[in-house]
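Work through the exercises below with the sequence and the structure open side by side, and try each task before reading its solution.

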Amino acid sequence: MTPRDDFGRWSDLDRPPLNVGALRRALVREGSLWREVDVVQRTGSTNSDLVARAGVARAEAGLGEGVVLVAEEQTEARGRLDRKWVAPARSGLFFSVLLRPGDAGVPMERWGWLPLLTGVAVATGLARAAGVDTALKWPNDVLVTVGGEERKAGGILAEAAGDGGVVVGVGVNVSLRADELPVPTAGSLAMAGAVSTDRDPLLRAVLRGLDDWYGRWCAAGGDAGACGLQEAYAAGCATLGRVVRAELPGDRALVGEAVAVDGDGRLVLATEAGVQEPVGAGDIVHLR
């Protein structure tokens, strides 16, 4: 029998396809945030697809939150600062979710916590389901340890979607091998010694964690301190306590010790000048 190369199901037996039926049964249920789970074989970017769909649907009939779009392969995935995210088919978790925090009464000025909230859900879900130590690099990188070195295994990107929506995209390297790394500083759960690289339970764990944290955060009106999110993020953040360089918009840079994540989700740096500077956007480099 000729393999079904168009579907890609049999091209790598170590990377079986997701079971969409089982995912829907596990996640789309009464009381859950998740209303719809779709899996596509290949697309450019789940974030771009869901942003476009949310905008059109909201204008016509209204697309509520809780939609999950998962891709087995992405060809034009984007990270922060328009960085590309490329990985072999079925080698990771590549998905986006639609959230509408405004409908729950969360003020827009607190929506900046969504990528950090998602980071907590991703890191804790993967640690629990894959049995690996995970950490967060501010604001939204997921780190694992490979051979005693920190490696980036995942990233998060939040984008506005239509009228009052936010699409949060997640990419995590699960079974990526050393010879498949896009850059030497990348890693994967498998390379970090994961006890399981079965993507179905990994995705369920992450989405259940996201449901839980998002519910708590919304119930607190987006107050990250009141719902415990600020404390949870700080506890898992590998950036805190280290000397870092913040590469800021406008070709500026700031060096200091990362001492806190404030109530607005900003990274607070203590500089050599003796002042504390909050950083709300920028690229962070761990110096030591």
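**Exercise 1: Arg90 and Asp251**

Arg90 counts as buried, since its relative accessibility is 5%, and the cut-off for that class is under 20%. The model in which this is seen is a predicted one.

Task: determine where Arg90 is placed, where Asp251 lies, and whether Asp251 counts as buried or exposed.

Solution. Begin with Arg90, which has its place in the loop between strand 4 (84–85) and strand 5 (92–99); although Arg90 is not a glycine, its phi is positive, at about 60°. Turn next to Asp251, which is found in the loop between strand 10 (243–248) and strand 11 (252–261) and, without being a glycine, has a positive phi of about 60°. Finally, compare the relative accessibility of Asp251, 84%, with the cut-off for exposure, which is over 50%, so that Asp251 counts as exposed.

**Exercise 2: Pro17 and Pro139**

Task: find out which residue is joined to Pro139 by a cis peptide bond, and decide whether Pro17 is buried or exposed.

Solution. Locate Pro139 in the loop between strand 6 (134–137) and strand 7 (141–146), and then inspect the bond that joins Trp138 and Pro139, which is a cis peptide bond with omega at about 0°. For Pro17, look in the segment before helix 1 (20–27); its relative accessible area is 18%, and because this falls under 20%, Pro17 is buried. As a last step, take the C-alpha atoms of Pro17 and Gly102, which are separated by 35 Å, the two residues being 85 residues apart along the chain.

Conventions
Residues numbered from 1 in each chain as written. Predicted model: local features only at pLDDT ≥ 70, side-chain atom pairs only at ≥ 80, totals over all residues. Heavy atoms only, no water. Helix = DSSP H or I, 4+ residues; strand = E, 2+ residues; numbered from the N terminus. Buried < 20%, exposed > 50% of the residue type's maximum accessible area, 1.4 Å probe, protein only.
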